[in-house]
Amino acid sequence: LVIGVPREVFAGEKRVATVPDVVEKLIKLGFKLTVESGAGDLANFSDDAYRAAGAEIAESAAKLWSGADIVFKVRGPSDEEVGLMREGGTLISFIWPAQNPELMQKLAAKKVTVLAIDALPRQLSRAQKMDALTSQAGVAGYRAVIEAANGFGRFFNGQITAAGKVPPAKVFIAGAGVAGLAAIGTAAGLGAIVRANDTRAEVADQVKSLGGEFVKVEYEEEGSGGGGYAKVMSEGFMQAQREMYAKQAREVDIIITTALIPGKPAPKLITAEMVQSMKPGSVIVDMAAEQGGNCELTEPGQAVVKHGVTIIGYTDLVSRLSRQSSTLYASNLFRLTEELCKTKDGLINVNMEDDAIRGLTVIKDGEITWPAPALKAP
Ligand code: NAD
């Protein structure tokens, strides 16, 4: 079969769904690869690099889509792209079916099969190698620290020089999921003093192992909802949490917020008053900007200065490191393709008896199969 990789059309999206190294591996599995001209430009992968790896270059999106049996994408398809899809084809991409019911209907009407990489059952240890949410959140967490360092007027590490002593920067990370843990590791690696908090007490050991200090909210309430994700906390807890965060805001130089609750707006953790209490030149990176923000003063997509504090609400952190994020995403899709093509003959079998594949498959031959039935407890 032919795997096609179009140029992403979403404004500001710089990633590409496969990279030359992975093209070679997919060809070894028996597939033919076609990449749209310019697809990798914004991630620094040239047409020539794809050609050298064995791919054909399609001169237009129309040619790419019409010749592909399977399409690899990053962002869910636009209306125009759905129009270009071949009946009976397969699409592997981020889809977010709960948020995009219309797209689901349009894809189903095209009688295609769709594997939504965001619907992977992440709790299966076998699924980890395909987990693009984790790989991309890791990149975002790293980049958030780089953006913070760029906006901060001092060193992260402490230094003793002939010119005097420089204290290390203090960084507070709100939310220690995948992105938060990556941010902790990165900030600690740059030499900062790192503290972190999460409503799920189970992450405390992971915070410590990455060189951070876990700061607890003095209020007895467990924060785990279903599937290892967070739940909405009681008002009593939130009050106690705000008091602790207010103290951190006065002490630290940098705050990186990553707190999310699936299907809910991002919890507001950093108030305008807390921003005002921070030292001049401090930086906040609000990684929840797209879901409403963890900070009251965040402007999504922008970096703004309020009360002398730079508040970064970029919603394209992953695209700001597009070569790295594309490489990891391409690797996740390769691992998935290996699962679909155990026979290594360039054909795929969307096996609905396999828990991981079943979870991902949101449309099968035009029939909506999302949401998948809950997994049996192991
Ligand atoms: P996320 O992006 O949904 O949330 C980020 C973090 O914000 C979470 O750690 C959450 O607990 C925290 N949070 C929510 N409300 C908060 C509040 N009021 N204050 C402070 N923190 C708050 O989460 P994610 O990074 O996608 O990962 C979440 C879960 O998925 C974790 O349990 C992780 O272990 C799990 N996961 C499991 C696997 C696996 O088992 N293979 C792989 C990846 C992720």
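## Two sheets, two cores and a ligand shell

Let's start at a turn: Asp-365 sits in the loop between β16 and β17. Its phi is near 50°, which is a positive value in a residue other than glycine. Asp-365 counts as partly exposed because it has 13 other C-beta atoms within 10 Å, and a residue needs 20 or more to be buried. Keep in mind throughout that this is a predicted model.

Trp-96 has a phi near 50° too, again positive and again not a glycine. You'll find Trp-96 in the loop between β5 (90–93) and α5 (101–109). With 15 C-beta neighbours inside 10 Å, Trp-96 is partly exposed. There is also a cis peptide bond to look at, between Trp-370 and Pro-371, with omega at about -5°. Pro-371 belongs to the segment after β17.

**The overall build**

The protein chain has 12 helices and 17 strands. Its radius of gyration is 22 Å, close to the 21 Å that the globule rule gives for 378 residues, so the chain is as compact as a globular protein of that length. Along the principal axes, the C-alpha atoms fill a box of roughly 60 × 50 × 35 Å. As for burial, 44% of the 378 residues count as buried. Take the contacts between residues at least 6 apart in sequence: 63% of them join residues at least 24 apart.

**The 8-strand sheet**

Which strands make up the open sheet of 8, and in what order? Reading across, the order is β3-β2-β1-β4-β5-β6-β16-β17, and the pairing is mixed. β3 (56–58) and β17 (367–368) are the edge strands; each has a single partner strand, so one side of each is left without a neighbour in the sheet.

Inside this sheet, β6 has a parallel partner in β5, with 4 bridges between the two. Ser-93 stands opposite Ala-116 of β6 in that pairing. On the other flank, β6 (residues 113–116) runs antiparallel to β16 (residues 361–364), joined by 2 bridges. There, Val-114 has Ile-363 in β16 as its bridge partner.

In a regular strand, side chains alternate between the two faces of the sheet. β6 shows the pattern: Thr-113 and Leu-115 point one way, Val-114 and Ala-116 the other, and all are buried.

Out at the edge, Ile-368 is found in strand β17. Ile-368 is partly exposed, with 15 other C-beta atoms within 10 Å. Leaving aside residues up to four places away in sequence, Ile-368 touches Met-104, Ala-108, Val-362 and Ile-363. The C-alpha atoms of Ile-368 and Leu-107 are separated by 9.1 Å, although the two are 261 residues apart along the chain.

**The 7-strand sheet**

The other open sheet has 7 strands in the order β11-β10-β9-β12-β13-β15-β14, with mixed pairing. Its edges are β11 (213–214) and β14 (303–306), each with a single partner strand, so one side of each lacks a neighbour in the sheet. β9 (residues 170–174) and β10 (residues 193–197) run parallel and are joined by 5 bridges. One bridge partner to check is Arg-195 in β10, which faces Phe-172.

Here are the three strand pairs side by side:

| Strand pair | Sense | Bridges |
|---|---|---|
| β5 and β6 | parallel | 4 bridges |
| β6 and β16 | antiparallel | 2 bridges |
| β9 and β10 | parallel | 5 bridges |

**Nonpolar cores**

In soluble globular proteins, nonpolar side chains tend to be buried together. Here the largest nonpolar core has 56 residues, and those with the most contacts inside it are Val-171, Ile-173, Ile-184, Ile-256 and Ile-284. α6 supplies the largest share of this core, at 8 residues. Apart from it lies another core, of 53 residues, including Val-22, Tyr-50, Ala-55 and Ile-95.

What does Ile-284 touch, not counting residues up to four places away in sequence? The set is Ile-255, Ile-270, Val-275, Cys-295, Val-309, Ile-311 and Ile-312.

**Around the ligand**

The ligand is surrounded by 30 residues, and the closest are Gly-175, Gly-177, Gly-228, Ala-230 and Ala-259. The elements giving two or more residues to this shell are α6 (132–151) and α7 (178–189). By class, the shell has 15 nonpolar, 11 polar and 4 charged residues.

Key. Residues are numbered from 1 along each chain as its sequence is written. This is a predicted model: local features need pLDDT of at least 70, side-chain atom pairs count only at pLDDT 80 or more; totals for chains, interfaces and linings use all residues. Two strands pair if DSSP finds at least two bridges between them. A residue is buried if 20 or more other C-beta atoms lie within 10 Å of its own, exposed if 12 or fewer, and partly exposed in between; C-beta atoms are placed from the backbone. A residue is near a molecule or strand if its C-beta atom, placed from the backbone, lies within 6 Å of it. Ala, Val, Leu, Ile, Met, Phe, Trp, Tyr, Cys and Pro count as nonpolar, Asp, Glu, Lys and Arg as charged, and the others, Gly among them, as polar. A nonpolar core is a set of buried Ala, Val, Leu, Ile, Met, Phe, Trp, Tyr and Cys residues joined through C-beta atoms within 7 Å. Two residues are in contact if their C-beta atoms, placed from the backbone, lie within 7 Å. The radius of gyration is taken over C-alpha atoms; the globule rule is 2.2 Å times the number of residues to the power 0.38.
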